[in-house]
Amino acid sequence: MRLRRKPWIDTAILDYGDFVTPLGGDWAGFAGAWRETFGRSAPLHIEIGVGKGDFLTELAARHPEINYVGLEAQQGVLYFAARKAAERQLRNVRLLVFDAAHLTELFAPHEVDRIYLNFSDPWPKARHAKRRLTSEQFLARYAAVLRADGEIHFKTDNMGLFDYSLATMEREGWQLSRVTHDLHALAEPDNIMTEYERKFSARGAKIGRLVARRSPEQG
């Protein structure tokens with residue numbers, strides 16, 4: 001869902017320049033240079049579709065030994081994620097206003113250890129299938145930037161998208177694990193909920209979760 005644009009955010013987000021590259025910012029030099037960007041060598045995890053950043057900032061706070069990059073197409077919501085990262089002084093977080101369709105321009109081949117996809121737009125119409133973040137086209141982009149044993153961690157409340165994702169990942173040779181159609185029934189203590197997850201689960205919606213590992217055969 002596209003939010004109504006808030007012009008004041010275009011200026012306000014610049015206050016968090018240590019954490020965010022805003023709309024129109026220069027991201028051309030990041031690929032292959034994330035160690036330099038963070039000033040250290042550490043595993044690199046990314047979230048596509050950060051939203052207001054509840055998930056990523058909590059994850060980064062719990063795991064300071066990991067570098068996190070959050071991508072979000074809408075600057076209006078990424079501002080709030082940047083503010084949270086700044087308030088918690090999460091030096092292991094970088095955020096970008098970025099279209100994930102260009103993922104292979106932002107990361108070098110096999111540079112990423114893990115990708116998080118949380119409550120992505122289901123794009124339910126068949127003619128829009130290639131826009132789904134678990135489509136064949138996007139899976140090929142993930143395979144290009146993930147390390148040989150890299151993983152995708154995927155959560156959604158949309159069971160149509162979940163079943164589509166399972167089928168597509170299996171067909172494309174991904175190794176699946178931790179598959180469940182009712183994540184909250186497992187009561188896993190380390191599950192970090194997103195804004196959407198809290199809202200949907202409060203309504204009684206079941207949450208699907210899977211982990212897909214990149215296989216050596218994917219090049």
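What follows walks through a predicted model, from its sheet to one of its helices, a histidine and some salt bridges.

The sheet makes a handy starting point. It is open and built from eight strands, in the order E1-E4-E3-E2-E5-E6-E8-E7, with mixed pairing. Strand E1 (20-21) and E7 sit at the edges, each pairing on one side only. Further in, strand E2 (residues 44-48) runs parallel to strand E3 (residues 67-72), and five bridges hold the pairing. Within this stretch, Ile-48 faces Leu-71 of E3. E5 and E6 also run parallel, joined by six bridges, and Asn-118 has Lys-155 in E6 as its bridge partner. As for burial, eight of the eleven residues of E6 are buried, so E6 is largely enclosed by the rest of the structure.

Helix H3 (residues 54-62) lies across several of these strands, namely E2, E3, strand E4 (93-97) and strand E5 (112-118). Its direction is at about 175° to E3. With angles taken between N-to-C directions on a scale from 0 to 180 degrees, that puts H3 and E3 at about 175° to one another.

Helix H7 gets a longer look. The helix covers residues 159-171, and its length checks out: 13 residues at 1.5 Å a residue should span 18 Å, and the end C-alpha atoms are indeed 18 Å apart. The expected figure takes 1.5 Å times one less than the number of residues, which is why 13 residues lead to 18 Å. At the N-terminal end, Asn-158 acts as a cap, with a side-chain oxygen 3.1 Å from the backbone nitrogen of Gly-160. Just past the helix, Gly-173 adopts a positive phi of about 90°.

The buried residues of H7 are Leu-161, Phe-162, Ser-165, Leu-166, Thr-168 and Met-169. What do they pack against? Their partners are helix H6 (136-145), strand E6 (146-156), E7 and strand E8 (208-213). Ser-165 is a neat case: its relative accessibility is 0%, so it counts as buried. Neighbours within four places in sequence aside, Ser-165 touches Thr-134 and Phe-154.

His-181 brings H7 back into view from another side. This histidine sits in the loop between strand E7 (175-180) and helix H8 (195-202). Its relative accessibility is 37%; since the partly exposed class runs between 20% and 50%, His-181 counts as partly exposed. Beyond its neighbours within four places in sequence, His-181 is in contact with Met-159, Phe-162, Asp-163, Leu-166, Lys-206, Ile-207 and Gly-208. With Asp-163 there is also a polar contact, side chain to side chain, at 3.0 Å. Arg-83, by contrast, is 98 residues away from His-181 in sequence and 33 Å away in space, C-alpha to C-alpha.

Then there are the salt bridges, of which the whole structure has twelve. One of them pairs Arg-198 with Asp-54, whose closest N and O atoms are 2.5 Å apart. Since Arg-198 belongs to helix H8 and Asp-54 to helix H3, this pair ties together parts that are 144 residues apart in sequence. Arg-198 is partly exposed, at a relative accessible area of 37%. The two residues also belong to a wider arrangement, a network of salt bridges linking Asp-54, Lys-84 and Arg-198.

A second bridge joins Arg-114 to Glu-151, with 3.5 Å between the closest N and O atoms. This one links distant parts of the chain, from Arg-114 in strand E5 to Glu-151 in strand E6, 37 residues apart. How do the two partners fare on accessibility, buried or partly exposed? Arg-114, at 23% relative accessibility, counts as partly exposed, whereas Glu-151, at 13%, counts as buried. The cut-off between these classes is 20%.

The third pair brings the text back to the end of H7. Arg-171 and Glu-172 meet through their side chains in a salt bridge of 3.7 Å, N to O. Arg-171 has 54% relative accessibility and so counts as exposed, while Glu-172 is partly exposed, with a relative accessible area of 28%.

Methods:
Residues numbered from 1 in each chain as written. Predicted model: local features only at pLDDT ≥ 70, side-chain atom pairs only at ≥ 80, totals over all residues. Heavy atoms only, no water. Helix = DSSP H or I, 4+ residues; strand = E, 2+ residues; numbered from the N terminus. Buried < 20%, exposed > 50% of the residue type's maximum accessible area, 1.4 Å probe, protein only. Contact = heavy atoms within 4.5 Å. Polar contact = N/O pair within 3.5 Å; in protein donor to acceptor, adjacent residues only side chain to side chain. Pairing = 2+ DSSP bridges. Salt bridge = Lys/Arg side-chain N within 4 Å of Asp/Glu carboxyl O.
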